[in-house]
Amino acid sequence: MQFNKVEICGVDTSKLVVLKESKKTELLKKARDGDSAAREELINGNLKLVLSVIQRFTNRGEPLDDLFQVGCIGLIKAIDNFDVNLGVRFSTYAVPMIIGEVRRYLRDNNSVRVSRSMRDIAYRAIQVRERLSNEMNREPTVDEIAKELELKKEQVVIALEAIVEPVSLYEPVYSEGGEAIYVMDQIGDKNTADSWMDEILLKDAIMNLSEREKHILNLRFMLGKTQTEVADEIGISQAQVSRLEKGALKKIKS
């Protein structure tokens, strides 16, 4: 869907501007010092970024104006929380935050609710999975979990899928000297033509990782696979994937 010459929330999208990275940095520093005019210019200069992000959600049946307003909330949060010393472009930080805000809105407004009985099965399955992992020193299969619960495999799968929620973009993955680096700082986006959504700014550091670590980060952050999917693909346990992933991120951020 194209948004050229379309008015959304009273904004003529054909007249939206895109700020250069140097200008963004300048305005971010001013905004951080309390300059409200710089903050306003930053918001207006990144509305096109919001439009780019919400395109992927236009098939959810929600009014475009509502999605745009929610996306703008995410943009404003990104502006107010961004630290120019993080070493990443503002858009790399802002895009996941905008996406998270929209997903939260859609999740909160979703009419589908998971039943209490299904949630009970899911939480029992999680407890059994943890116990079996410790006892067997490996990730248990769904069949093994279902057997312990005396349920059908399909029941366990459906229950676990029903409670799956996105990983928080605010989940810290590394911290040193009191400064936390969050998941949102590690995520690039390959779904639009905008260059700021195309890469994770970790190329130099990634060159020093092992081939397995590179492969895991590529599967997780570039292809968007879960740790379980990665484990299945490369033939190790999910716990091992988690340890390797955390270790690689720690190497990169140190």
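These questions and answers cover the nonpolar cores and two loop residues of a predicted model.

Reader: Which residues touch the most other members of the largest nonpolar core?
Author: This core holds 35 residues. Its members are buried, which means under 20% relative accessible area. Those that touch the most other members are Leu75 and Phe90.

Reader: Which element gives the most to this core?
Author: Five helices give two or more residues each: α1 (21-32), α2 (36-44), α3 (47-54), α4 (64-81) and α5 (90-108). One of them gives ten residues, the most to this core. That element is α5.

Reader: What does Phe90 touch, leaving out residues up to four places away in sequence?
Author: Phe90 falls within α5 (90-108). Its contacts include Leu75, and Leu75 and Phe90 touch the most other members of the core. The full list is Glu21, Lys24, Leu28, Asn46, Leu75, Ala78, Ile79 and Phe82.

Reader: How many residues are in the second core?
Author: This core is separate. Among its members are Val128, Ile145, Ala146 and Leu149. The count is eleven.

Reader: Why does Asn137 count as exposed?
Author: Asn137 is in the loop between α6 (116-136) and α7 (142-149). Its phi is positive, about 60°, although it is not a glycine. Exposed means over 50% relative accessible area. Asn137 counts as exposed because its relative accessibility is 71%.

Reader: Is Glu150 buried or exposed?
Author: Glu150 lies in the loop between α7 and α8 (153-162). Its phi is positive, near 60°, and the residue is not glycine. Its relative accessibility is 73%, so Glu150 counts as exposed.

Technical notes: Residues numbered from 1 in each chain as written. Predicted model: local features only at pLDDT ≥ 70, side-chain atom pairs only at ≥ 80, totals over all residues. Heavy atoms only, no water. Core = buried A, V, L, I, M, F, W, Y, C linked by side-chain atoms within 4.5 Å. Buried < 20%, exposed > 50% of the residue type's maximum accessible area, 1.4 Å probe, protein only. Helix = DSSP H or I, 4+ residues; strand = E, 2+ residues; numbered from the N terminus. Contact = heavy atoms within 4.5 Å.
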